[in-house]
Amino acid sequence: MNVLAYLHAANLRQLLVNIRGIALDLGTDLRMMSLYLRTAAVLAAVALIFVGSGRGILFFMPVLAVYLLACALLSALSLWRQDPPAQQLNWAILDAVFVTAVLYQHILGAPVAQPHGLTTASLVIPFLFLSHVGMTLRGRLIVLFSSLVFCAWLVMLAAMAWRHEREAPGAFWQVFLSLDFGLALTFGLTAMSTGLLAVDHQRGRRETLRIDRWRHNLARFFSPFVVAELQEAGRSLSLQRRPAAIMFVDLRDFTSYAEHASPAHLAHVLTEYRQVVAGTVFAFGGTVDKFIGDGVMAVFGQPAARDDDAEQALSCALALCDRLEVWKPFQTDDHVTFQAGIGVHYGMVIGGVLESGSHDEFTVFGDAVNVARRLESLTKELGATLVVSFALLARTPKARETGGWIFKKGVALTGRRIPINIAYRPRHLKTAGSSNEVNAVTPVPSSSMLRSDVRSPIAFT
């Protein structure tokens, strides 16, 4: 391979761009950022030691050599291993040992007869490393580092005071409660404040993660508008009675298909079908109350009722009729197609969090739910895709004008004493604007007829 021919201007330019991209990626890596800050802290500590140590530089030369060697080993280990908590723990212990060595040289390293105590340069080092460990925002690391340093600080002050006590009895407390003791307390209070801030940050982070998980879970069943309402302050999820539109969607002959379909194909069909239904429900501001196999229960008006719930529910049902009519699941051996049945009713429900011991459920229940379920069951008998109640149509005057409805009065529902009036759309009927739109078989009823309560059931024809 001719390397010189390959390294022309364009390739060199692209190579430089790639190297720059790698450098930017490394620069944004948290581990590299931590190492950069570590290096800055170490260099600052070394500079302070050389500036303020004076005669003690001979003591710090081997200490610095050991510390820098340990820093190099831990840096290499942090780049090799993917275990940030263990690496941060090692750094905290190493820093505490180094700060203790600095304190030892200035407190106990000098003879009793000579001046001893922290200099300005040596005093900055404990606070410098405290600020660095505080940037991890991990309360345990801050407590570990500051406890090691603070306890060693007090022990060395007590040891120096005891040495003075042996030379001059009665001087212990005078030496112990000196300026250095006040500096140690200042370090302890600063460490405590830093730890409290880190604990508060961790608590806020956990709360944020909990809210994100909560919002993610809600987003699987509610539209974005409903999720936003649930996040508003003071939004109550307790059981309340409210009007709502209930919709049930079910696939015909899905049970027989499930008997011979492979688990992989079955799961794919169900996933695709639920995505179609849930996406359509969310687009019209509805809520997916629950999935029951190939059945879906959706609610319009939960957790708060709106004036256009019935309009949105019927618009959603009509859109689903068209989408499920042309929907063909992929990755099936027999290219199977399904027919759907949809029932929609409008009425009073009880909605909110229903407690049931270990498993609470945010749902709705009541007679309106049962009616909507029965209407969906009627689609098979009537050869219809969509069956709705007059109670729903009474609140959707525009939808009644689209045509294509067949009306039935006094229809008896299983398990319900009072019959209701219904309207349905025959299968394969498209919504308004389609080329094969069918006109209503019977005239569109008046609003008073839609609101009437017919009690004499009639047989289906």
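# A guided tour from strand β8 to the two cores

Begin by selecting Asn421, whose side chain reaches the backbone nitrogen of Gly410 at 2.9 Å, a polar contact in the sense of a pair of N or O atoms within 3.5 Å, where within protein one must be able to donate a hydrogen and the other to accept it, and where residues adjacent in sequence count only if both atoms are side-chain atoms. The model is a predicted one, in which local features need pLDDT of at least 70 and side-chain atom pairs count only at pLDDT 80 or more, while totals for chains, interfaces and linings use all residues. Residues are numbered from 1 along each chain as its sequence is written, and side-chain values use heavy atoms, with hydrogens and water left out.

**Strand β8 and its partners**

Asn421 belongs to strand β8; helices (H or I, at least four residues) and strands (E, at least two) are DSSP runs, numbered from the N terminus. With a relative accessibility of 4%, Asn421 counts as buried, the term for a relative accessible area under 20%, with exposed meaning over 50% and partly exposed in between (1.4 Å probe, protein chains only). Adding Ala391 to the selection shows a residue 30 places from Asn421 in sequence, with the two C-alpha atoms 8.2 Å apart in space.

Now extend the selection to the whole of β8, where six of the seven residues are buried. Which strands pair with β8 in the antiparallel sense? Strand β6 (residues 384-389) does so over five bridges, and β7 does so over four; two strands are taken to pair if DSSP finds at least two bridges between them. Centre the view on Ala423 in β8, which has Val388 standing opposite and also Phe407. Moving along to Ile420 in β8, one finds the bridge partner of Val411. Strand β7 is itself mostly covered, five of its six residues being buried.

**Salt bridges around helix α14**

The general idea for this stop is that side chains of opposite charge can pair when their charged atoms come close. Here a salt bridge is a side-chain nitrogen of Lys or Arg within 4 Å of a carboxyl oxygen of Asp or Glu, and a search of the whole structure finds seven of them.

Select Arg252 and Glu376 next, which form a salt bridge with their closest N and O atoms 2.9 Å apart. Arg252 lies in the loop between β1 (240-251) and α11 (254-260) and Glu376 in helix α14 (residues 367-382), so this pair ties together parts that are 124 residues apart in sequence. Both Arg252 and Glu376 are buried.

Keep Glu376 and add Arg373, since the side chains of these two meet in a salt bridge as well, at 2.2 Å from N to O. Arg373 and Glu376 both lie in helix α14, three residues apart, about one turn of the helix. Arg373, at 33% relative accessibility, counts as partly exposed, whereas Glu376, at 2%, counts as buried. Adding Asp250 completes the selection of a network of salt bridges that links Asp250, Arg252, Arg373 and Glu376.

Another stop on α14 is Asp367, which forms a salt bridge with Arg416, the closest N and O atoms being 3.1 Å apart. This pair links distant parts of the chain, with Asp367 in helix α14 and Arg416 in the loop between β7 (406-411) and β8 (420-426), 49 residues apart. Asp367 is partly exposed, at a relative accessible area of 40%, and Arg416 is likewise partly exposed, at 26%.

**A buried acid without a salt bridge**

Turn to Asp309 in helix α13 (residues 309-326). Where is the nearest side chain of opposite charge to this buried residue? That side chain is Arg306, 4.6 Å away, and Asp309 has no salt bridge; Lys and Arg count as positive and Asp and Glu as negative, while His and the chain ends are not counted. The backbone nitrogen of Arg306, however, lies 2.7 Å from a polar atom of the Asp309 side chain. Leaving aside neighbours within four places in sequence, Asp309 is in contact (heavy atoms within 4.5 Å) with Pro243, Ala245, Phe300, Gly301, Ala304 and Tyr346.

**The two cores**

Finish with the largest nonpolar core, which has 45 residues, and in which Phe98, Leu103, Ile107, Phe129, Phe145, Val149 and Trp153 touch the most other members. A nonpolar core is a set of buried Ala, Val, Leu, Ile, Met, Phe, Trp, Tyr and Cys residues joined through side-chain atoms within 4.5 Å. Apart from this core lies another, of 43 residues, among them Ala245, Val296, Cys321 and Leu393.
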